[in-house]
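Work through the exercises below with the coordinates open beside the text. Each task is followed by a solution that proceeds in steps.

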Amino acid sequence: MLQFISRRLFLLIPVMIGIVFITFGIVRAIPGNPCVTMLGERATPEKCQLFMERFGLNEHWIIQFGRYLGNMALGDFGTSIKFSRPVVDIIAERLPLTIELTLCAMIFSTLFGVLLGVVSALKRNSLIDTLTMILANIGVSMPVFWLGLILAYVFALLLKDTPFYIPPSGRFSAGMTLMSLSKYWGLTDISGFPKFALSFISNLLLPNAIITGNWTAVKDGLWHLILPSIAVGTIPMAVIARMTRSSLLEVLGLDYIRTARAKGLIERLVISKHAMRNAMIPIVTIIGIETGSLLSGAVLTETVFALPGVGTQLIGAILARDYPVVQGFTLVIAMIFVLANLLVDLSYAYLDPRIRVD
Amino acid sequence: MTKMADLDSTKSNLYQRQSPGKESLRRLFRHRSAQVGMVILFFLIIIAIFAPVIAPYDPIKILKEAKRRDTPCVHILGCDESKTEHIMGIDGNSRDLFSRVIFGSRLSLQIGLATISFAIIIGGIIGALAGYIGGWVDTLLMRIMDVLMAFPSLLLAIAIVTVLGTGLINALLAIGIVSIPRFARLVRASVLSTKELDYVAASRALGASPMRLLFIRILPNSITPLIVQGTLGIATAILDAAALSFLGLGAEPPRPEWGLMLGEEKNSVFNAPHLLIFPGIAIMLTVLSFNLVGDGLRDALDPRLRGKPVS
């Protein structure tokens with residue numbers, strides 16, 4: 001198992017370098033003078049000279065790439081042109097919310113997707129099955145952002161004065177914030193990785209609440225995450241439900257299931273212990289693949305629900321031509337996606353012992 | 001009646017084997033979800049072709065006499081006869097929403113077809129080269145495809161739009177590029193599995209040129225999976241294009257693009273929800289139709305399912 005993990009990690013290196021190369025290439029590929037595109041109206045010949053020297057743009061691109069790679073490895077993502085702040089700081093501020101949203105959506109989609117899929121497979125061709133599959137087909141065809149808007153309309157306007165009201169925008173109700181951990185512990189003079197880690201953790205709901213005991217903010221934050229999570233999770237849920245159904249149906253037709261039934265095992269155990277174990281492998285694959293759609297969905301949905309996450313910042317940066325921010329965020333999201341797929345690969349090895357051998 | 005039909009079909013199975021193409025078509029037309037998909041798609045195509053006839057107004061003309069974000073008014077549903085009829089209401093720029101939604105169908109179908117044709121051609125060439133030549137060419141091309149697939153596709157498209165600049169054509173190019181790896185892998189796999197087969201060796205022994213081997217002998221084998229993946233890919237491409245336009249990175253106003261229409265009115269959820277409901281349903285139906293037809297094609301073209309009853 002250890003060998004398997006290390007081989008997978010080793011295979012990750014070329015992909016990671018490729019990702020860095022592409023994000024590096026994004027800025028290099030912009031037509032025209034990078035100084036003029038980045039500084040815009042503020043670009044004067046003197047300023048340009050300084051700019052080119054500061055970012056090392058006068059050198060050969062291989063040297064530039066090497067330096068970029070080195071900086072990335074050290075956690076230096078450059079400085080935002082618009083905000084004149086290190087990109088890492090912006091990531092530490094914005095990424096936690098996007099991760100929370102993605103995780104909540106993932107939990108929602110996996111839970112309900114597997115449940116619906118299992119029910120459909122067990123009650124094959126029943127009314128529930130047909131309805132689930134129709135809904136799954138509609139689910140995969142809906143634009144995430146549109147579903148978000150419709151959910152906001154239903155739960156925030158139509159159900160306004162009922163107990164089912166759910167807030168349609170923002171991360172918290174007015175006047176509520178998360179307490180910064182560096183303030184909580186009085187650590188103001190830290191820098192580098194500890195600062196990033198501290199800022200990152202203090203922007204995550206649960207760790208923050210555990211440390212500061214601020215449970216009301218957590219409740220409020222999770223309440224605000226309900227609608228976005230449903231919006232982001234619906235497409236993956238539909239995909240997972242379909243995959244669960246077909247995968248379970250296939251497994252249920254195999255001989256060993258008949259054997260299990262023939263030896264008198266109760267149906268619940270046949271399904272949970274025998275069938276699901278094998279059916280899980282394609283389901284886990286699809287969950288891994290859907291991480292990409294969850295992350296993209298989170299980016300899209302943040303703009304609908306006015307959530308201050310990676311998505312809103314990324315779109316703002318693109319429109320403002322703040323390329324270091326675009327680079328940094330693209331890189332981080334791609335890394336998360338790659339790591340999620342690594343986790344999926346590792347969970348195969350756990351679910352299917354045959355994979356560990358070869 | 002059904003019995004007779006059953007008898008007929010068994011008879012034809014017994015006495016005259018249908019060609020695989022005919023059999024697949026027959027299976028496709030009997031596939032229930034494909035039937036639904038094809039009906040929706042048929043109507044969409046009709047609407048797109050006859051958009052100028054169906055739409056009562058010019059989709060980009062500002063109607064001076066209409067009230068901005070006015071609710072839908074349909075006379076048969078009890079709307080006051082004195083008001084002008086606007087089936088889906090008026091949008092934020094005093095344009096007839098129905099006409100815009102109708103014209104949007106043209107754009108979305110074109111977007112889907114254009115991006116996927118581009119991706120299939122480029123991806124097909126890359127996959128064919130990688131599979132046929134093999135060696136370092138294969139390794140290099142496929143590692144590049146791996147890296148492209150390491151990004152969530154919509155985010156990579158967003159990053160590419162950053163480079164190319166916003167606009168519909170650039171957005172389409174971006175979506176086309178991110179769809180390439182899928183088709184490249186598919187064609188490569190199919191080339192790899194066929195190039196060592198006896199009939200290819202026979203053709204080579206007869207002196208066929210590499211080009212002839214590749215295009216006449218090997219590549220036709222990938223057409224079936226390409227049709228399935230292409231149809232499903234169109235659905236994704238339409239969704240992604242709508243998303244880019246929604247974010248303001250794709251189609252520019254006043255173009256009647258469904259995603260853009262949603263993006264322009266995203267803040268009117270509470271005061272004019274009709275402006276969001278109709279374009280969204282239009283996107284959903286279009287994507288749904290391609291998804292259903294794609295699923296149907298997959299089942300119909302799967303040789304393992306041939307001769308079995310359709311679900």
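The exercises that follow concern a predicted model, and they go from a whole chain to a helix pair, an interface and single residues.

**Exercise 1. Describe the overall make-up of chain A in terms of its secondary structure, its box and its buried residues.**

Solution. Begin with the secondary structure, which in chain A comes to 16 helices and zero strands. Next, take the principal axes, along which the C-alpha atoms of chain A fill a box of roughly 85 × 60 × 45 Å. Then turn to burial: chain A has 358 residues, of which 37% count as buried. Finally, consider the contacts in chain A with a separation of 6 or more, 74% of which are accounted for by residues 24 or more positions apart.

**Exercise 2. Determine how helix α5 and helix α13 of chain A pack, and which residues make the contact.**

Solution. The two elements are α5(A), residues 87-122, and α13(A), residues 267-304, whose axes lie 10 Å apart at an angle of about 140°. Angles over 145 degrees would count as roughly antiparallel and those from 65 to 115 as roughly perpendicular, and α5(A) and α13(A) are therefore oblique to each other. The crossing in which α5(A) passes α13(A) is right-handed. On the side of α5(A), the contact is made by T98(A), L101(A), T102(A), A105(A), M106(A), T110(A) and V114(A), while α13(A) contributes I283(A), I287(A), L294(A), L295(A), G297(A) and A298(A). Sorted by class, this contact has nine nonpolar and four polar residues, with no charged ones.

**Exercise 3. Characterise the side of chain B that touches chain A.**

Solution. Start from the counts, which place 35 residues of chain B in contact with 38 residues of chain A. The helices of chain B that each supply at least two residues to this side are α6 (135-149), α7 (153-164), α11 (223-246) and α13 (274-301). The most comes from α13(B), with eight residues. By class, the side of chain B that touches chain A consists of 26 nonpolar, six polar and three charged residues.

**Exercise 4. Find out why helix α9 of chain B lies largely in the open, and what follows this helix.**

Solution. The helix spans residues 198-205 of chain B, and of its eight residues the number buried is zero, so α9(B) lies largely in the open. The residue G207(B), which follows α9(B), has a positive phi near 95°.

**Exercise 5. Examine the backbone geometry at S84(A), N125(A) and the peptide bond between P253(B) and P254(B).**

Solution. As background, most residues other than glycine have a negative phi, and most peptide bonds are trans. S84(A), although not a glycine, has a positive phi of about 50°, and its place is in the loop between α4 and α5 of chain A. With 7 other C-beta atoms within 10 Å, S84(A) is exposed, since a residue counts as exposed at 12 or fewer. N125(A) also has a positive phi, near 65°, and lies in the loop between α5 and α6 (127-141) of chain A; having 10 C-beta neighbours inside 10 Å, N125(A) counts as exposed. In chain B, P253(B) and P254(B) are joined by a cis peptide bond with omega of about 5°, and P254(B) lies in the loop between α11 and α12 (258-264).

**Exercise 6. Locate G66(A) and decide whether this residue is buried or exposed.**

Solution. G66(A) belongs to helix α4 of chain A, residues 61-73. Its surroundings hold 12 other C-beta atoms within 10 Å, and G66(A) is exposed. As a last step, compare positions: G66(A) and L248(A) are 182 residues apart along the chain, and their C-alpha atoms are separated by 49 Å.

Terms used:
Residues numbered from 1 in each chain as written. Chains lettered and ligands numbered in written order. Predicted model: local features only at pLDDT ≥ 70, side-chain atom pairs only at ≥ 80, totals over all residues. Contact = placed C-beta atoms within 7 Å. Helix = DSSP H or I, 4+ residues; strand = E, 2+ residues; numbered from the N terminus. Nonpolar A, V, L, I, M, F, W, Y, C, P; charged D, E, K, R; others polar. Buried ≥ 20, exposed ≤ 12 C-beta atoms within 10 Å, placed from the backbone. Axes fitted to C-alpha atoms, helices over the stretch in contact; angles between N-to-C directions. Parallel < 35°, antiparallel > 145°, perpendicular 65-115°, else oblique. Left-handed = near helix turned anticlockwise from the far one by under 90°.
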